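Please open the model in your viewer, with residue selection and side-chain display at hand. The tour below moves from one selection to the next and says what is to be found at each stop.

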Amino acid sequence: RIAYCKVHYPKEFYATYFTVRADDFDFILMGYGKEKLLENKRMIEAKGMDMSDKEKNVITIMEVCNEMYARGIKFLPVDLYKSHASKFIKSEDGKIIPPLSSIANLGAVAAKQIMEAREEGGEFFSVEDIRQRAHVGKSITDLLANAGCLKGLSESSQTSLFDME
């Protein structure tokens with residue numbers, strides 16, 4: 001059955017596989033294309049016997065990710081509005097949208113709080129708005145910013161006369 005799904009429903013297969021393995025999936029290591037993935041994989045493998053158990057699990061996920069890239073399936077960036085808290089989703093154009101929790105060190109609780117805040121209150125107006133509505137701290141919004149999720153959002157909800165044109 002797994003082989004059948006992998007052949008006939010590859011995007012759904014990979015989305016499901018990565019959802020199950022989301023604890024060890026790191027978008028920064030795996031989400032930026034095949035070349036970057038292989039570069040990161042070589043860096044981890046260079047540790048040899050000094051690899052941690054988590055890094056060994058990451059290598060396994062990287063191998064599946066490499067296979068996915070070889071089949072022409074790609075990831076979209078983690079998206080503040082489209083990404084689920086913990087599930088990988090197939091997009092309309094056949095790419096895979098990683099969850100918020102695929103950002104390293106952004107835990108499942110924070111990801112769920114962000115998802116619930118956006119579902120209840122709609123678009124975020126600023127980084128400060130995310131912190132208040134999702135009840136997350138600066139470290140979480142810094143992780144989102146480093147992953148490119150906060151582009152276009154101002155830091156504060158305060159408007160300035162000098163910002164208006």
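A crossing of two helices is called left-handed if the near helix is turned anticlockwise from the far one by less than a right angle, and right-handed if clockwise. Helices (H or I, at least four residues) and strands (E, at least two) are DSSP runs, numbered from the N terminus. The model is predicted, so that local features need pLDDT of at least 70 and side-chain atom pairs count only at pLDDT 80 or more, while totals for chains, interfaces and linings use all residues. Residues are numbered from 1 along each chain as its sequence is written, and side-chain values use heavy atoms, with hydrogens and water left out.

**First stop: helix 2 against helix 5**

Select residues 10–20, which are helix 2, together with residues 53–70, which are helix 5. The two helices cross in the left-handed sense, and their contact (heavy atoms within 4.5 Å) is made by Y14, Y17 and F18 on helix 2 and by T60, I61, V64, C65, E67 and M68 on helix 5. Coloured by class, these contact residues divide into seven nonpolar, one polar and one charged, where Ala, Val, Leu, Ile, Met, Phe, Trp, Tyr, Cys and Pro count as nonpolar, Asp, Glu, Lys and Arg as charged, and the others, Gly among them, as polar.

Staying on helix 2, show P10, F13, Y14, A15, Y17 and F18, which are buried, meaning under 20% relative accessible area with a 1.4 Å probe and protein chains only. Their cover includes helix 1 (2–8), helix 5 and strand 2 (96–97).

**Second stop: helix 4 against helix 5**

Keep helix 5 and add helix 4, residues 34–45, whose axis lies 10 Å from that of helix 5 at an angle of about 155°; axes are lines fitted to C-alpha atoms over the stretch in contact, and angles run from 0 to 180 degrees between N-to-C directions. Helix 4 and helix 5 are therefore roughly antiparallel (an angle over 145 degrees), and this crossing is left-handed. On helix 4, select K34, L37, L38, N40, K41, I44 and E45, which meet helix 5 residues including V58, M62, C65 and Y69. The contact of helix 4 with helix 5 has nine nonpolar, two polar and five charged residues.

**Last stop: the aromatic rings**

Which residues form one aromatic cluster? Select F13, Y14, Y17, F18, F25, F27, Y32, Y69, F75 and F88 to display that cluster. Within the cluster, Y69 and F75 are both buried.

Terms used
Buried means under 20% relative accessible area, exposed over 50%, partly exposed in between (1.4 Å probe, protein chains only). Rings of Phe, Tyr and Trp (its six-membered ring) pair if their centres lie within 6.5 Å; planes under 30 degrees apart count as stacked, over 60 as edge-to-face and the rest as tilted. Angles under 35 degrees count as roughly parallel, over 145 as roughly antiparallel, 65 to 115 as roughly perpendicular and the rest as oblique.
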